[in-house]
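Here are my notes on this entry. Please read them alongside the coordinates.

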Amino acid sequence: MQDAEVIAFTQAEDRHWWYRERRAIIAKEVRDLRPGKAVEIGAGGGGNSLVLKELGWDVLATEYTEAGVRIAKERGLNALQADATQLPLDDQSQDLFVAFDVLEHIEQDREAAAEIFRVLRPGGTALIAVPCDMALWSAYDEASHHFRRYTRETLTELISGAGLTIDSLRSWNVLLRPVVKLRRKTAAVDDTVGDVTAVSPVVNLGLGAIIKAERFLPVGSLPGVSLMMRAHRPG
């Protein structure tokens, strides 16, 4: 992301349905874990990291852009500028690793996956989210500087190849996939930020209700817009 995008997304994420549900997913995934040391890569302005901090985690928000780090610090987070393929962290030092919509931005994603394994302690948990299915590739991906969209097979190979054990893998944003596909195929490149910043309150409420419904429906095996994975370092 460019600095202007980080600022725009940070301003929108507290109210936007997509960001709010991702935070709910993170909170749900860590509720069975004892809080410890956590790191998030590609943290942007630190919205996800704030959730972890509020739940008692000693969290470090790392971000590639200066703007993201500055905003995260202004929000009271421990944050630093770092490359996800070369994290300034000790081996086996983290209990939790969060990478939500980050790996697709990294050309050498195997190096980033290796860092997940390196910094997690044995038994430590990784929470990973990525966009899925190249059939959904559009101007949105190009404007967002994506290198790829993943399949279940390619994400599994990436993470298990780094040495992690996969605990769960499911699709997310399944019910809205047809809408997203239509929107992505027809939108201009300069409309991509508007997907987040210009949603009306009524539309935001409706989309939020739809995505929340996935918490209770058995749709995780169906094609979606994203993949959600939980994994751990064995040992």
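Where is Gln92 found? The points below start there. Bear in mind that this is a predicted model.

1. Gln92 sits in the loop that runs between strand S3 (78–81) and strand S4 (94–100). Its phi is positive, about 50 degrees, although Gln92 is not a glycine. The side is neither buried nor exposed by the cut-offs used: Gln92 has a relative accessible area of 42%, so it counts as partly exposed.

2. Asp133 also has a positive phi without being a glycine; the value is near 75 degrees. Asp133 belongs to the loop between strand S5 (120–131) and helix H6 (139–143). With a relative accessible area of 23%, Asp133 is partly exposed. Buried would require a value under 20%.

3. On the overall fold, the chain contains 10 helices and 7 strands. Its radius of gyration is 17 Å, close to the 18 Å from the globule rule for 235 residues, so the chain is as compact as a globular protein of that length. The C-alpha trace spans about 45 × 40 × 35 Å along its principal axes.

4. On packing, 53% of the 235 residues count as buried. Take the contacts between residues at least 6 apart in sequence: 74% of them join residues at least 24 apart.

5. On the surface, the accessible area of the chain is about 11,000 Å². Carbon and sulfur atoms account for 54% of that surface.

6. On charge, the chain carries 28 positive and 33 negative charges. The mean positions of these two sets lie 6 Å apart.

Terms used: Residues numbered from 1 in each chain as written. Predicted model: local features only at pLDDT ≥ 70, side-chain atom pairs only at ≥ 80, totals over all residues. Heavy atoms only, no water. Helix = DSSP H or I, 4+ residues; strand = E, 2+ residues; numbered from the N terminus. Buried < 20%, exposed > 50% of the residue type's maximum accessible area, 1.4 Å probe, protein only. Rg over C-alpha atoms; globule rule 2.2 N^0.38 Å. Contact = heavy atoms within 4.5 Å. Areas by Shrake-Rupley, 256 points an atom, 1.4 Å probe, with all protein chains shown as cover. Lys, Arg positive; Asp, Glu negative; His and termini not counted. Charge placed at Lys NZ, Arg CZ, Asp CG, Glu CD.
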